[in-house]
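Me: Please take a close look at a single part of this model, and work outward from there. Keep the answer connected and plain.

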Amino acid sequence: MVPGISSFQQLALNLGGEGETPDVLNQQPTWVDLASLASRTGKPLGDALHSGEAFLFCDNRRLPFPDTSLDVIITNGVPIDVNTWLGPGVQSSEIRRVLRRGGEWHDNGTLVFTKP
Amino acid sequence: MSTFAELLVNSRGRMPGDVQAEAAREFCCRVRKSRLYLRRPDEPLASGTVVVLGVASYSPEELTLLDDIDARYDHRPPDITRVDVFNVLDCHSQQDFQKFLPGSQSDVHQTPVLGIWIDQQLQSIVTGLAAVRKTLASLGML
């Protein structure tokens with residue numbers, strides 16, 4: 001359950017997620033290195049994956065979801081609308097595309113966008 | 001703006017990408033207002049023990065780390081000459097990191113990235129918030 005979200009059954013995606021938010025699907029970009037990458041809590045992502053956390057690995061430029069299909073998008077400390085040395089960061093255009101009407105984007109714990 | 005973390009405070013209802021872009025633009029100014037040293041690419045390292053820290057200006061936790069280091073700067077161990085910082089968004093390829101972290105051969109896959117030199121000799125490179133905080137604490141800087 002995402003804090004602050006009232007709906008119980010929701011399709012929630014954490015872009016750049018490291019398993020730190022319960023009950024959401026964690027997305028990581030394709031460049032992620034599971035052998036070396038540890039979450040901000042120090043837990044290696046590989047460990048999180050093997051312990052049953054749900055992860056989706058995909059290009060930030062094209063999230064593999066239909067239009068208007070997700071209830072909640074979460075971003076925490078990830079690059080948005082900028083290219084990094086590893087590749088393109090999270091794209092706000094993709095967030096707007098995949099959110100359903102009334103769907104919410106929470107960035108660093110703050111509701112920043114509700115899709116009209 | 002009095003802290004690094006405030007660079008990312010979204011007080012005007014702006015979109016996160018816009019907030020991050022402004023934080024990246026303001027990052028250098030904020031470093032100059034602190035006791036930390038803004039590292040330039042290919043700049044020679046100072047002598048003695050030098051700590052170089054690359055942070056992501058889009059990460060609230062990494063900006064808070066800079067605030068924590070700055071707050072304790074006057075209490076750092078006397079052998080630490082200087083704390084150099086840079087924004088990882090100034091690196092557009094893995095090779096660019098070598099301009100900020102001379103002698104480093106390893107790729108950077110996560111941030112922050114911390115390097116320690118003694119008299120220009122690289123001692124270690126550490127990446128990831130948990131590992132970097134642990135290392136800085138062991139150095140007496142947090």
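Reply: Leaving aside residues up to four places away in sequence, B:Leu89 touches A:Val82, A:Thr84, B:Ala24 and B:Ser57, where contact means that C-beta atoms, placed from the backbone, lie within 7 Å. This is a predicted model, in which local features need pLDDT of at least 70 and side-chain atom pairs count only at pLDDT 80 or more, while totals for chains, interfaces and linings use all residues. Residues are numbered from 1 along each chain as its sequence is written, and chains are lettered from A and ligands numbered from 1 in the order in which they are written.

B:Leu89 sits in the loop between β3 (80–87) and α3 (94–100) of chain B; helices (H or I, at least four residues) and strands (E, at least two) are DSSP runs, numbered from the N terminus. B:Leu89 counts as buried because it has 23 C-beta neighbours inside 10 Å. The cut-offs, for C-beta atoms placed from the backbone, are 20 or more others within 10 Å for buried, 12 or fewer for exposed, and partly exposed in between. Its C-alpha atom is separated by 6.7 Å from that of B:Ala56, 33 residues apart along the chain.

B:Ala24, one of the residues touched by B:Leu89, leads to helix α1 (residues 16–32) of chain B. The 17 residues of this helix should span 24 Å at 1.5 Å a residue, and the end C-alpha atoms are 24 Å apart, which agrees; the expected span is 1.5 Å times one less than the number of residues. The helix nevertheless has a kink of about 45 degrees centred on B:Glu26, the bend at a residue being the angle between axes fitted to the seven residues ending there and the seven starting there. Buried residues of α1(B) are B:Pro16, B:Gly17, B:Val19, B:Gln20, B:Ala23, B:Phe27, B:Arg30 and B:Val31. They pack against β4, α2, β7 (99–107) and β8 (110–114) of chain A, together with β1 and β3 of chain B.

The contacts between the chains involve 21 residues of chain A and 21 residues of chain B. On the chain A side there are eight nonpolar, nine polar and four charged residues. Here Ala, Val, Leu, Ile, Met, Phe, Trp, Tyr, Cys and Pro count as nonpolar, Asp, Glu, Lys and Arg as charged, and the others, Gly among them, as polar.

Confidence in chain A is given by pLDDT, the predictor's confidence in each residue, from 0 to 100. Its mean for chain A is 87, and 85% of the residues reach 70 or more. Over residues 4–8 of chain A the pLDDT is below 50, and this stretch has three contacts in the model beyond near neighbours in sequence.

Further along chain B, after α3, comes the loop to β4, where B:Pro112 lies. A cis peptide bond joins B:Thr111 and B:Pro112, with omega about -5 degrees. Strand β4 (residues 113–118) of chain B then pairs with strand β5 (residues 121–127) of chain B in the antiparallel sense over six bridges; pairing requires at least two bridges found by DSSP. In this pair B:Gly115 stands opposite B:Ile125. The two strands form a hairpin with two residues between them, and B:Asp119 in the turn has a positive phi of about 50 degrees.

Terms used: Two residues are in contact if their C-beta atoms, placed from the backbone, lie within 7 Å.
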